[in-house]
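User: I would like to learn how to read a few features of a model. Please start with the terms, then go to the case.

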Number of protein chains: 2
Amino acid sequence: MNTPDDDWLRLDQQICFSLHAASRAFNGVYRGILKDLGLTYPQYLVMLVLWEHDELPVKKLGEHLRLDSGTLSPLLKRLEAAGLVRRERSSRDERSVEVRLTEEGVALRGRALQVPRRIAASTGFGPEEVRVLRARLDDLTNALDAAALAEPDGSSADERP
Amino acid sequence: MNTPDDDWLRLDQQICFSLHAASRAFNGVYRGILKDLGLTYPQYLVMLVLWEHDELPVKKLGEHLRLDSGTLSPLLKRLEAAGLVRRERSSRDERSVEVRLTEEGVALRGRALQVPRRIAASTGFGPEEVRVLRARLDDLTNALDAAALAEPDGSSADERP
DNA sequence: CACAATTCAGTTGTGTGCAACTGAATGACG
DNA sequence: CGTCATTCAGTTGCACACAACTGAATTGTG
């Protein structure tokens, strides 16, 4: 059972495509539902974090979402333009920018409460299935992240002083 | 255990984030490995399809990958600029454009054969685990696609005057 | 205290992904 | 045969993602 290279390539096509497609399909379903709130999917992710924390520096936000400032900065500017968040440099540390919800941003949470319900209704997934799926995806992410750290490319690594 | 709205929102945060993060982590691992081939992840997906079919109109390519011309046209132009594919309008149907591999494109397959092996090595996933994961992701995609069709949105539609 | 290394947000450039549109070619139908 | 709808690739505009960089603030070290 050697599983020749050709078969591996075919299999890779399938898994690559499956994950890519699943991600985009998920995005698409949320897009339709979030349109009512005037949010994109990544903006919704940011708001979910802020509804939990209420006030957070950009750095922490990025750690929660695994996103860097190159993605977050313009995104937060758009959320600010929409009146949902306010950004102000920390007086403690002038390098840091605190992101906090406006009243409008807090109020939006009320309307967002129906989103998970609509998603669940759309997919027919119950809380248990969601939990299982989430666990598997996290396993995958952890494996991939570990792999990315272990083999950043070819050779020249040296990441942790 | 009625699972109040607040808990649903928290759960939604987790599954949203998990899928989003998994997709990006996957992308990141492939990015590192595909850099050697000079391909991006979506370009690799296109090449995988072409290695199977050798010649395909843009339309069919889009059906295989669930991508539309808005995404494929510029991507294919880049692959053409890289010398991997050639695009020529069909003589049968002047609306259609046939995409076919160049010799270089065909040759790249040889170097790509090591990609799945390196991915597998990076993640420690065997063929069986890959198959199971793929099946779950396809289930998810099918559920989400069906949901997207069933509930395109709700209000301002007006798709065909 | 001075000065180099680090941390942080932001900017720039490239490559998707998708909606909406354009324009050319084909097909359907009276 | 002529007109109108449909099909197809391509373009435009917007919003991520991410790498690489900038510039300001802070920290660590001597």
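Analyst: Helices (H or I, at least four residues) and strands (E, at least two) are DSSP runs, numbered from the N terminus. Just after helix H3 of chain A, A:Arg66 has a positive phi of about 55°. The model is predicted: local features need pLDDT of at least 70, side-chain atom pairs count only at pLDDT 80 or more, and totals for chains, interfaces and linings use all residues. Residues are numbered from 1 along each chain as its sequence is written, chains are lettered from A and ligands numbered from 1 in the order in which they are written, and side-chain values use heavy atoms, leaving out hydrogens and water.

User: Which residues of H3(A) are buried?

Analyst: An α-helix has 3.6 residues a turn, so residues three or four places apart point the same way. In H3(A) (residues 58-65), the buried residues (under 20% relative accessible area, 1.4 Å probe, protein chains only) are A:Val58, A:Leu61, A:Gly62 and A:Leu65. They lie on the same side of H3(A), because their arc around the axis is only 100°, taken from the directions from the helix axis to the C-beta atoms. Their cover includes helix H4 (69-81) of chain A and helix H1 (5-34) of chain B.

User: What rotation superposes chain A on chain B?

Analyst: Two copies of a chain are related by a rotation about an axis and a shift along it. Here the rotation is 180° and the shift 0.0 Å, with RMSD 0.0 Å, by least squares on the C-alpha atoms of residues with pLDDT of at least 70 in both. This is the relation of a two-fold axis. In chain A, the C-alpha of A:Ser23 is nearest the axis, 3.2 Å from it.

Definitions and conventions
Buried means under 20% relative accessible area, exposed over 50%, partly exposed in between (1.4 Å probe, protein chains only). Contact means heavy atoms within 4.5 Å.
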